[in-house]
Amino acid sequence: MALVDAELAKLTADEGNITIEKVYDRATPISEDYEASLRMLIEGGLLAVVVVFLFLRNIRATIVAAVALPLSVIPTFWVCTYLALVSISYRYWHCRW
């Protein structure tokens, strides 16, 4: 995004009689959604581990749950990305099948 803005500013400076403006920028909302989804994923995982510990009161079971969460979520997103079922380029996540 910053590179495109810099190139547009350079083109505008080079050409004195032409003004170039971005009409619509899809990169900013996509980047914001990506950052927010990563933050929520981490917060949700931490909260799940805390809740498991509060209910079970057993550190070994909590560690098993803490290891199982990323080992189940990460391959799921890899498969969805590989099969092109989920795309973050849309405003909301949806399957394309």
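A polar contact is a pair of N or O atoms within 3.5 Å, where, inside a protein, one atom must be able to donate a hydrogen and the other to accept it. One such contact sits at the start of the third helix in this predicted model: a side-chain oxygen of Asn58 lies 3.0 Å from the backbone nitrogen of Arg60. Asn58 thereby caps the N-terminal end of α3.

Now take the chain as a whole. The chain holds three helices and zero strands. From the N terminus on, the order is α-α-α. Of the 97 residues, 5% are buried.

Start with α1, which covers residues 2–14. The structure holds one salt bridge, and this helix contains both partners, Lys10 and Glu7. Their side chains meet at 3.8 Å, N to O. The two residues are three apart, about one turn of the helix. How exposed are the partners? Lys10 has a relative accessible area of 45%, and Glu7 has 39%. Buried means under 20% and exposed means over 50%, so both Lys10 and Glu7 count as partly exposed.

Next comes α2, residues 27–56. It has 30 residues. From its first C-alpha to its last, α2 reaches 43 Å, close to the 44 Å expected at 1.5 Å a residue. Just after α2, Arg57 takes a positive phi of about 55°. Then comes Asn58, the residue that caps α3.

The helix α3 spans residues 59–82. Its 24 residues should span 34 Å at 1.5 Å a residue. The end C-alpha atoms of α3 are 35 Å apart, so the computed span agrees with the expected one.

Where do α2 and α3 both contribute? Each supplies at least two residues to the lining of the second largest pocket. This pocket has a volume of about 210 Å³. Which helix gives the most to its lining? That is α2, with six residues. The lining includes Leu41, Ile42, Gly44, Gly45, Leu46 and Val49. Also in the lining are Ala66, Leu69, Pro70, Val73 and Ile74.

What is the chemical character of this lining? By class, it has nine nonpolar residues, two polar residues and no charged residues. Gly counts as polar in this scheme, so Gly44 and Gly45 fall in the polar class. Leu, Ile, Val, Ala and Pro count as nonpolar, and the lining residues of these types include Leu41, Ile42, Ala66 and Pro70.

Terms used
Residues numbered from 1 in each chain as written. Predicted model: local features only at pLDDT ≥ 70, side-chain atom pairs only at ≥ 80, totals over all residues. Heavy atoms only, no water. 1 Å grid on protein atoms, 1.4 Å probe; cavity = no way out; pocket = protein on both sides within 12 Å on 5 of 7 lines; lining within 4 Å. Points joined across faces, edges and corners; volume = space filled by probe spheres on them. Helix = DSSP H or I, 4+ residues; strand = E, 2+ residues; numbered from the N terminus. Expected span 1.5 Å × (residues − 1). Salt bridge = Lys/Arg side-chain N within 4 Å of Asp/Glu carboxyl O. Buried < 20%, exposed > 50% of the residue type's maximum accessible area, 1.4 Å probe, protein only.
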